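Student: Could we go through how the helices are arranged here? I'd like to start with the packing and then move on to the details.

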Amino acid sequence: MRSPRFSARKAKALMAKLPMMLTCAEFEEFILDYFEGTLSGKQYAVFKVHLMLCRDCKSYIAAYERSTELGKNVFKEPYAPVPNDMPEDLVQAILAAKEAGTDSEPRI
Ligand SMILES: [Zn+2]
């Protein structure tokens, strides 16, 4: 019996046939839409295929999920005290993530 698992080689062959190939940079642009659930069916499929094939983007999205989780908590309670045991580099990482996240927003 054949394995039902979708092989990376098959995925790559499929990806080559798709009219729109996703580069890692394009993938990053899709991430926000992906989390908001606004990708079209086709975009979602291409996104998923890239995610399945690309180790870099897989770990990128994992890091992105972690940073947005942390970011959300920061936004939710802006006046919550920072725990004393919070490492300084983690604080800096969150601040950097917030900065990066607001880059495309118009500044007032
Ligand atoms: Zn990638």
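**Helix packing**

Tutor: In this predicted model, α2 and α3 lie oblique to each other, because their packing angle of about 120 degrees falls outside the 65 to 115 range that counts as roughly perpendicular and is not over 145.

Student: Which residues do α2 and α3 span, and how far apart are their axes?

Tutor: Helix α2 covers residues 24-36 and helix α3 covers residues 41-53, with their axes 11 Å apart, and α2 passes α3 in a left-handed crossing.

Student: Which residues meet there?

Tutor: From α2, Phe27, Phe30 and Tyr34 meet Gln43, Phe47 and His50 of α3; by class, this contact has four nonpolar, two polar and no charged residues.

Student: Switching topic, where is the kink in α2 centred?

Tutor: The kink in α2 is about 35 degrees and is centred on Phe30, a residue that also takes part in the contact with α3.

Student: And what is the reach of α2 from its first C-alpha to its last?

Tutor: With 13 residues, α2 reaches 19 Å, which is close to the 18 Å expected at 1.5 Å a residue.

Student: What comes just after α2?

Tutor: Just after α2 comes Gly37, which takes a positive phi of about 75 degrees.

Definitions and conventions
Residues are numbered from 1 along each chain as its sequence is written. This is a predicted model: local features need pLDDT of at least 70, side-chain atom pairs count only at pLDDT 80 or more; totals for chains, interfaces and linings use all residues. Axes are lines fitted to C-alpha atoms, for helices over the stretch in contact, and angles run from 0 to 180 degrees between N-to-C directions. Helices (H or I, at least four residues) and strands (E, at least two) are DSSP runs, numbered from the N terminus. Angles under 35 degrees count as roughly parallel, over 145 as roughly antiparallel, 65 to 115 as roughly perpendicular and the rest as oblique. A crossing is left-handed if the near helix is turned anticlockwise from the far one by less than a right angle, and right-handed if clockwise. Two residues are in contact if their C-beta atoms, placed from the backbone, lie within 7 Å. Ala, Val, Leu, Ile, Met, Phe, Trp, Tyr, Cys and Pro count as nonpolar, Asp, Glu, Lys and Arg as charged, and the others, Gly among them, as polar. The expected span of a helix is 1.5 Å times one less than its number of residues. The bend at a residue is the angle between axes fitted to the seven residues ending there and the seven starting there.
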